[in-house]
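The report below describes selected local features of one protein model. It is meant to be read beside the sequence and the coordinates.

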Amino acid sequence: MRVAVVGAGGWGEHHARIFSRRADTELCAVVGRTPEKTQHRAEKYGTTPYTDLDLMMERERPDLVTVCLPNEDHFDVTLRLVRTGVPLLVEKPLVFDLAEADALLDAAGDRFFAINFNHRYAEPVCRAKALIDAGELGELIFATWRFGGEANRGGSPHANLIETQCHGFDMLEHLVGPISAVSAHLTDKTYGAFSTVALALDFENRAVGTMLGTYDSSYAYPDTQRIEINGTKGRLVIHDTVRALTFSKAGDPVEQRWHSTYFDDEARDFAGTFDRHVDALLTALRAGDPPPVHARAGRRALELAHAAIDSHATGRAVRSNPWTGPTHS
């Protein structure tokens, strides 16, 4: 399968790495905006550099295109690619504007259109999902998401909420179920953007939850990312996405813990969560199935982010239904 990567930045290198090294794919092109940088990336991974997207599509005719561009520059290039009909994998966030998200999904129709919410493929998350689905936690009561690191500043005052905490919205709905209402507290005290957010959440299954996300922290801190889910029969905690999963049964002081072992160090690698997603994605694409994480999940995370923005602006909870969008309550 011939794969072209659009984007020659930091995370885009993982796209090039994966598709250049797989036995079942050929990295046929890297597309970038800066000739020198694009040339260097292409040489590193043994492929052809392009700075003209249309020329690349005409010459290479890829079977799959992946898109990894600066967070606030996704729409125009993604729309051009959607209109070609080529199967697509895009990086999060889908876009920053809901109307743009709808335009992309409308243009794509039923074509293959995936988004890389790679946190779902971390080993602790997969194991947590299995415990929940097996009923080991009982009725879910509350869930918390906490994620903080250094700032990735952008043009939007809500960059942290939209481009980083989108993983939190997606993860909480992946593990717990649809979020039905959002109440938000945001602060711009450090550098002018709303770099730290605290949200209270209602779920459709009547569980409640919280999200605390910040760019005013550090990725160097232990447990900078932490997910805790409590149920009537047990509690689980995911530590730093890939580092560990702990599970406790109600009333039992003995804790069960998963961590990667001597021979499965791949599971310790955060970038490896993307490799796992690609495994599932290519399997689906070859089988003619829908993508394992459809771009609609990106639209949904954006909808919840805008519900939080609206809640902060109005001082009221904002209801959000996955099908009808947010309305005030």
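## Helix α9 and its salt bridge

Asp275 has its place in helix α9 (residues 272–287), where helices (H or I, at least four residues) and strands (E, at least two) are DSSP runs, numbered from the N terminus. The model is a predicted one, in which local features need pLDDT of at least 70 and side-chain atom pairs count only at pLDDT 80 or more, whereas totals for chains, interfaces and linings use all residues. Residues are numbered from 1 along each chain as its sequence is written, and side-chain values use heavy atoms, with hydrogens and water left out.

With a relative accessible area of 23%, Asp275 is partly exposed; here buried means under 20% relative accessible area, exposed over 50%, and partly exposed in between (1.4 Å probe, protein chains only). Not counting residues up to four places away in sequence, Asp275 touches Arg17, Ile18 and Arg22, a contact being heavy atoms within 4.5 Å. The C-alpha atoms of Asp275 and Tyr121 are separated by 8.8 Å, although these two residues lie 154 residues apart along the chain.

Asp279 and Arg22 meet through their side chains in a salt bridge (2.5 Å, N to O), a term that requires a side-chain nitrogen of Lys or Arg within 4 Å of a carboxyl oxygen of Asp or Glu. This pair links distant parts of the chain, since Asp279 belongs to helix α9 and Arg22 to the loop between α1 (12–21) and β2 (26–31), 257 residues apart. Asp279 is partly exposed, with a relative accessible area of 38%, and Arg22 also counts as partly exposed, at 21% relative accessibility.

## Salt bridges

The structure holds 24 salt bridges, and the table lists some of them.

| Pair | Closest N to O distance |
|---|---|
| Asp279 and Arg22 | 2.5 Å |
| Arg235 and Glu228 | 3.5 Å |
| Asp240 and Arg243 | 3.2 Å |

Asp240 is buried, with a relative accessible area of 19%, while its partner Arg243 counts as partly exposed at 38% relative accessibility. Salt bridges that share partners join Asp223, Arg226, Glu228, Arg235, Asp240 and Arg243 into one network. Within that network, Glu228 is buried at a relative accessible area of 12%, and Arg235 is partly exposed at 29%.

## Helix α5

In helix α5 (residues 98–108), the buried residues are Leu98, Ala101, Leu104, Leu105 and Ala108. Seen down the axis of α5, these buried residues fall within an arc of 120°, so they line one face of the helix; the arc is that of the directions from the helix axis to the C-beta atoms. Ala99 and Asp106, on the other side of α5, are exposed. The partners against which the buried residues of α5 pack are α4 (75–84), β6 (113–115) and α10 (296–314).

The N-terminal end of α5 is capped by Asp97, a side-chain oxygen of which lies 3.0 Å from the backbone nitrogen of Ala99. Just after α5, Gly109 takes a positive phi of about 60°.

## A nonpolar surface patch

Ile141, Phe142 and Val208 form a nonpolar patch on the surface, with about 220 Å² of accessible area together. Patches are made of residues with over 30% relative accessible area and no salt bridge, like charges being joined within 9 Å and nonpolar side chains (Val, Leu, Ile, Met, Phe, Trp, Tyr) within 5 Å; accessible areas come from the Shrake-Rupley method with a 1.4 Å probe, and for residues only the protein chains shown count as cover. Ile141 is found in strand β7 (residues 140–148) and counts as partly exposed at 40% relative accessibility.

Note on methods
A polar contact is a pair of N or O atoms within 3.5 Å; within protein, one must be able to donate a hydrogen and the other to accept it, and residues adjacent in sequence count only if both atoms are side-chain atoms.
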